[in-house]
Structure formats: structure tokens, C-alpha cells
Amino acid sequence: MGDFAFIIHPIELDDVFRKLKFMRSWPVPVVETVVRALPPFKVSEITGVQSDYAQTSGHFVSCPLTSKQMVELPEDKVINKIIRAGKVAEKLGAKIVGLGAMTSVVGDAGITVAKNLDIAVTTGNSYTVATALQGTKKAAELMGIDLANAEVLVMGATGSIGSVCARILARDARFLTLLARDKNKLDLLSARIMRETGLATKVSSDVKRSVQRADIIIAVTGSAEAVIDVMDLKPGAIVCDVARPRDVSKRAAELRDDVLVIEGGVVDVPGDVDFGFNFGFPPRTSYACMAETMILSLEGKYESFTLGRDLSVTQVDDISRLAEKHGFKISGFRSFERAISPETIENIRKNAQRNTQKLSQS
């Protein structure tokens, strides 16, 4: 038994091969067919989550579909499989279930899933946004960027997540550019930020020029394909890619060793936590979306906290407060679904300094 559950899925086939090594020699279409046919199942028990105020336990439940399959298969079939994974969580005694990775963005972002379950559902997006912004600020410090004097760009600023990010960043940034296609919506958001914080923002629909000028980019466009040309990025630029699908191609790491692409923060989980499953993070750390589910369970807040595509500053502030109360905090970063080491970040910073000097001398 456990108070919460978290639904995970293989991001790509390599994640399947890590668990089922014998499949490596199989043809890819055969592996994809097998994965698609597998029913949701319990992966492991999660124990030892304990704050100064409460303790909780839970389970990982797998929804066996890769990210590619979740995008390409009929939406109703994907959502039905996520619901079946939620039913497994119910049988395990969970009072709240979190939707991980692509399970949180398919269809209406959890609303249909919640309607078909008898327990609370959360996508974890509120704490994901909170840690993305916290992580970006911490990354800026490590890369030697002063947030107050940096050129900050929010791509997809008029969307629900983008607007929340922009409104929160406006508390600290002095040079903020909002980028989106709809100028009327951009102007409305800019006026709202002016009312709330007194900051006058720039607005733009020119992706290339805006990216070339930015020191820090929060990318949440919701585009079906990558929208940032990594060759346009300044040496030393930080990109926090909150979008799913990604706004930055995975090729960024191969093409540029002088820019830092992160997806948000790696979160320290309080207590002597044992996930019973290795998802590529250091011990006792998790994704922010996982952490939101655990935070709500520790607080006894068994309600659907973050659902759908609408998000509010209040939600982000509330989950940040509860995270601090229960001892959750940013401990590092992840890039393309994997933890990124401090040594890697330091190398990126040095490469950026070297390449900036070369540009200034040319």
C-alpha cells in the first residue's frame, strides 16, 4: 500500500533495452509492437519519503508506450492506456496519482484521465515550472550571468505556462522580451506585467533575432518541432526548455559545447527515500513532476492540483511554499532527460568564455 503513485513510461527504446536487455537484438518494429501491447504494471515501491511534518510512500506504475508512440498513436488509445495505468494506481491504494513525461501532455493534459479515475490526479506542471525558474536562476549563477542585467527571453509567452513564467520572471529581470505569434495577446500580457511589477517588457515575433540577443531563454512554445536553431545561440546562453515536444533539438549537445540546455531542476527528496527503480538520477533525487505528487501526499492534499493547460502564478507560488515546508529543494539540473553534472556545466562555461573571446577578437 502507498498514499501516492506516479505514472512513468519509456522515453525512447533505449529505456526499454536498459530493462529488457535481450530485446536489443530484436528488430525495432517488433520491439515497438511488443511495448504497445504490454499492459500497465507496477514497477516498484517508493519508501522513505519523510519531512519534518509527515511521511508517505507510493509506487511507480508504468504506462508502456514510448514518447514517439504517444505522439503518433491515436490519442484515444494513448489516453485509455494512461487511464488503465491510473486504475493500477487505484488498486495499489494510491489517493493521488502523478502523470509523468508525455502522459501529462497528451490530449487535454490530464482532465480526461482524472474524470475516469476515483483518485486525485496531478500533472506536476506547477512544481515543474517553479523548479524550471529556480533552476534557471541557479544555472545563471554558475554560468556567471547576472539575471538582473541579462537579456531574458520567454518563447511562447502568451501560452498558459509561458505567461506564468514571464510574470514570475518579471519580479527579478530588468530586460525581458516576450515572444509569440499573436501581437494582440503579447501586448495584453506586456500591459499586465507592467501593472503587476512595473516592468516594461519588449514584445517580438522574430524568433531568430530574439534568440541571437538572449542570454537566458525560457522555451515553452508548444510547437510540434524544435524552433530554436542552436547555431543562433550566444556562447554562454542558457536555454530552459519546458516545452513538450522540445523546442531545442537533442542535437544541441552535439553541435554546441558552449551553451547550457536544461529542462528544469533535479529535486532533492526529504528522507531516506528508496525509489526501487533507477531512472538515471542520483540517489534520493527526482523530477519536479514526481516531487509535486509527493509534496501533495505529504501535505494530505489529495486533490487534483494541476490539470489541463491552464496554470496560475498562485499555483506555482503555493506548491513552491509547500515544497519549502517539506524540505524539497533544487539540487542540480537535467538535460535531455538525464542529470547533468557540475563538471559538465563548468566545462560549458569555460568553452563559452573562450568562444566569446574569439568572437570579440574577430
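Okay, let's start with helices α6 and α12, which pack at an angle of about 80°, with their axes 8 Å apart. That makes α6 roughly perpendicular to α12, since anything from 65 to 115 degrees counts as roughly perpendicular. And before I go on, remember that this is a predicted model.

So who touches whom here? On the α6 side we have Ser-126, Tyr-127, Val-129, Ala-130 and Gln-134, and they meet Gln-315, Val-316, Ile-319, Ser-320 and Ala-323 in α12. If you sort the residues of this α6 and α12 contact by class, you get six nonpolar, four polar and no charged ones.

Let me pick one residue out of that group, Ser-126. It sits in helix α6, which covers residues 125-142. Is Ser-126 buried or exposed? Ser-126 is buried, because its relative accessible area is 0%, and the cut-off for buried is under 20%. What does its side chain make a polar contact with? The partner is the side chain of Thr-306, at 2.8 Å. Not counting neighbours within four places in sequence, Ser-126 is also in contact with other residues, including Glu-292, Phe-305 and Leu-311. The same list for Ser-126 has Gln-315, Val-316 and Ile-319 in it, and those three belong to the α12 side of the packing I just described.

Now, α12 has another partner to talk about, helix α11. Here α11 is residues 288-298 and α12 is residues 313-326, and the two pack at an angle of about 70° with their axes 10 Å apart. So α11 and α12 are roughly perpendicular to each other as well. From α11, the contact uses Glu-292, Ile-295, Leu-296 and Leu-298, while α12 brings Ile-319, Leu-322, Ala-323 and His-326. By class, that α11 and α12 contact has six nonpolar residues, one polar and one charged. Notice Glu-292 in there, since Glu-292 was also on the contact list of Ser-126.

Helix α11 takes us over to the sheet. It lies across β1, β2, β3, β4 and β5, and runs at about 170° to β1.

What's the strand order in that sheet? It goes β2-β3-β1-β4-β5, five strands in an open sheet with mixed pairing. The strands at the edges are β2, residues 41-50, and β5, residues 120-122. Each of those has a single partner strand, so one side of each is left without a neighbour in the sheet. On average, neighbouring strands here are turned by 25° against each other, ignoring direction.

Let's zoom in on β1. On one side, five bridges join β1, residues 4-8, to β3, residues 55-62, and the two run parallel. Four bridges join β1 to β4, and that pair runs parallel too. Take Phe-6 as an example: its bridge partner in β3 is Phe-60, and in β4 it stands opposite Gly-98. For Phe-4, the bridge partner in β3 is Gly-58.

How many residues of β1 are buried? Five of the five, so β1 is largely enclosed by the rest of the structure. Phe-4, Phe-6 and Ile-8 point one way from the strand, Ala-5 and Ile-7 point the other way, and all are buried.

For contrast, let me finish with two residues that aren't buried. Lys-329 is in strand β14, residues 329-335. Lys-329 counts as exposed because its relative accessible area is 51%, and exposed means over 50%. Leaving out neighbours within four places in sequence, Lys-329 is in contact with Tyr-127, Val-266, Val-267 and Asp-268. You've met Tyr-127 already, as one of the α6 residues that meet α12. The C-alpha atoms of Lys-329 and Pro-282 are separated by 14 Å, and these residues are 47 apart along the chain.

My last one is Met-194, in helix α8, residues 183-197. With a relative accessible area of 41%, Met-194 is partly exposed. Apart from neighbours within four places in sequence, its contacts are Leu-199 and Ala-200. And the C-alpha atoms of Met-194 and Gly-124, 70 residues apart along the chain, are separated by 29 Å.

Note on methods: Residues are numbered from 1 along each chain as its sequence is written. Side-chain values use heavy atoms; hydrogens and water are left out. Buried means under 20% relative accessible area, exposed over 50%, partly exposed in between (1.4 Å probe, protein chains only). A polar contact is a pair of N or O atoms within 3.5 Å; within protein, one must be able to donate a hydrogen and the other to accept it, and residues adjacent in sequence count only if both atoms are side-chain atoms. Contact means heavy atoms within 4.5 Å. Axes are lines fitted to C-alpha atoms, for helices over the stretch in contact, and angles run from 0 to 180 degrees between N-to-C directions. Angles under 35 degrees count as roughly parallel, over 145 as roughly antiparallel, 65 to 115 as roughly perpendicular and the rest as oblique. Ala, Val, Leu, Ile, Met, Phe, Trp, Tyr, Cys and Pro count as nonpolar, Asp, Glu, Lys and Arg as charged, and the others, Gly among them, as polar. Two strands pair if DSSP finds at least two bridges between them.
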